[in-house]
Amino acid sequence: MGWGKTAGPGERRPVRPNDDWNRAAALCAGQLPLVWLAWWFAVQAGRDDYGYVGGAYLGICCVPLALPLLGLVHATLQITPAAALAGLRPRALRGPGWAWHLALSVLIGAAWAALGRVLWGWPLGDTLPWFAGAGVLPVLVLDRLRGRPWRGRRVWLGSAVASSVLFVGCGIPAAVLADDYEPPRLSARQLTGTWHGAHGSVLRLAPGGEARLTRLPARGGDDERGGFSVCDGTGTWTLERDGEFMDTDRDGVLLRPDGECGQETYWTVGGTEQDPELFVRFGDPDAGDLRILTRD
């Protein structure tokens with residue numbers, strides 16, 4: 001049957017050379033929400049959200065608009081090259097074609113992770129599982145579809161429906177399981193000591209309620225800095241239980257700087273019992289400037 005002919009009754013449509021690439025793009029696009037969900041769960045489960053409300057979830061609303069393009073990029077950079085290399089293997093190397101395709105897809109993903117490490121310093125231990133694993137599901141499903149006539153709408157629609165159902169079905173329990181963080185309950189004695197942060201910030205909390213500040217951000221001051229000043233000097237502090245002073249249900253340190261450098265600032269207790277933290281957010285509640293202090 002020639003490419004210019006129309007399939008007659010009982011005839012199968014010809015399989016065009018780029019059908020697998022189109023299918024791979026649809027499959028890659030369909031799995032991306034699940035990959036994002038798995039990444040979010042791995043990063044967020046049992047960890048402090050530092051009081052951010054909804055910011056991490058809003059980004060997923062924009063993902064469907066970019067899914068087709070991202071699927072094409074993923075298929076072009078990993079799935080299709082792996083298939084081409086698997087087809088070029090010598091006949092002496094036996095084994096099912098899908099197994100070779102899968103192995104080469106994992107290797108290409110590992111190569112992209114290594115490139116990210118070299119160029120941008122991405123941690124290889126964090127990126128390697130995602131880059132290599134993202135090529136597994138498309139390869140396995142693609143093997144089941146290979147040789148069948150291409151029906152673009154059916155494949156893209158099926159990928160979108162399956163992805164949406166799995167995303168909702170897995171996303172709800174994932175969100176419930178991820179939201180199990182419990183901040184530590186620290187005493188005033190446990191809070192005393194030296195705390196360090198970014199940009200040379202140092203906070204020393206003395207047992208008697210005295211505090212010493214070094215390049216420490218405090219509320220108030222220049223609006224261009226997001227509503228905070230950087231203070232040096234002394235002040236006082238008290239332990240506030242369950243947000244008695246602030247509109248929050250978490251313990252924190254209420255710091256009152258001396259002089260006119262900054263206003264009283266509530267540093268919320270976070271981290272764990274073994275590695276406690278103090279944090280405060282300035283500016284936008286969903287995307288403000290987050291400052292974290294850790295113990296010396």
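Which backbone nitrogen lies 2.8 Å from a polar atom of the side chain of Gln 190? It is the backbone nitrogen of Ser 187. The model on screen is predicted, and this tour goes through it one selection at a time.

**Stop 1: Gln 190**

Select Gln 190 and display its side chain. The residue belongs to helix 8, which covers residues 188-191. Gln 190 has a relative accessibility of 37%, so it counts as partly exposed. Now add Ser 187 and look for the 2.8 Å separation between its backbone nitrogen and a polar atom of the Gln 190 side chain. Next, show Arg 185, Glu 273 and Arg 295: Gln 190 touches these three, when residues up to four places away in sequence are not counted. For a distance to check in the viewer, pick the C-alpha atoms of Gln 190 and Pro 207; they are separated by 9.6 Å, with the two positions 17 residues apart along the chain.

**Stop 2: Arg 250**

Move on to Arg 250. Strand 4 (228-240) and strand 5 (252-257) are joined by a loop, and Arg 250 lies in that loop. Is Arg 250 buried or exposed? Its relative accessibility is 12%, and because the cut-off for buried is under 20%, Arg 250 counts as buried. Add Val 269 to the selection. The backbone oxygen of Val 269 is 2.8 Å from a polar atom of the Arg 250 side chain.

**Stop 3: the disulfide**

Select Cys 231 and Cys 261 and show their sulfur atoms. A disulfide is a covalent bond between the sulfur atoms of two cysteines. The structure holds one, and it joins Cys 231 to Cys 261, with an S to S distance of 2.1 Å. The pair connects distant parts of the chain, 30 residues apart: Cys 231 sits in strand 4, while Cys 261 is in the loop between strand 5 and strand 6 (265-271). The torsion about the S-S bond is about -105°, so this disulfide is left-handed. Compare the surroundings of the two ends. Cys 231, at 1% relative accessibility, counts as buried, whereas Cys 261, at 28%, counts as partly exposed.

**Stop 4: Cys 28**

Go to another cysteine, Cys 28, in helix 1 (residues 19-44). Its relative accessibility is 0%, so Cys 28 counts as buried. Which residues are in contact with Cys 28, leaving aside its neighbours within four places in sequence? Show Gly 71, His 74, Ala 75, Ile 79 and Pro 138 to see them. Of these contacts, His 74 gives a distance to check: its C-alpha is 6.5 Å from that of Cys 28, although the two residues are 46 apart in sequence.

**Stop 5: a nonpolar patch**

Finally, switch to a surface view and select Leu 69, Val 73, Leu 77, Trp 112, Leu 115, Val 118, Leu 119, Trp 120 and Trp 122. Together these residues make a nonpolar surface patch of about 900 Å². Colour helix 3 (63-87) and helix 4 (97-120), since each supplies at least two residues of the patch. Which helix gives the largest share? That is helix 4, with five residues. Leu 115 is a patch residue that lies in helix 4. At 34% relative accessibility, Leu 115 counts as partly exposed.

Definitions and conventions. Residues numbered from 1 in each chain as written. Predicted model: local features only at pLDDT ≥ 70, side-chain atom pairs only at ≥ 80, totals over all residues. Heavy atoms only, no water. Helix = DSSP H or I, 4+ residues; strand = E, 2+ residues; numbered from the N terminus. Buried < 20%, exposed > 50% of the residue type's maximum accessible area, 1.4 Å probe, protein only. Polar contact = N/O pair within 3.5 Å; in protein donor to acceptor, adjacent residues only side chain to side chain. Disulfide = S-S within 2.5 Å. Patch = residues over 30% accessible without salt bridge, like charges linked within 9 Å, V, L, I, M, F, W, Y side chains within 5 Å. Areas by Shrake-Rupley, 256 points an atom, 1.4 Å probe, with all protein chains shown as cover. Salt bridge = Lys/Arg side-chain N within 4 Å of Asp/Glu carboxyl O. Contact = heavy atoms within 4.5 Å.
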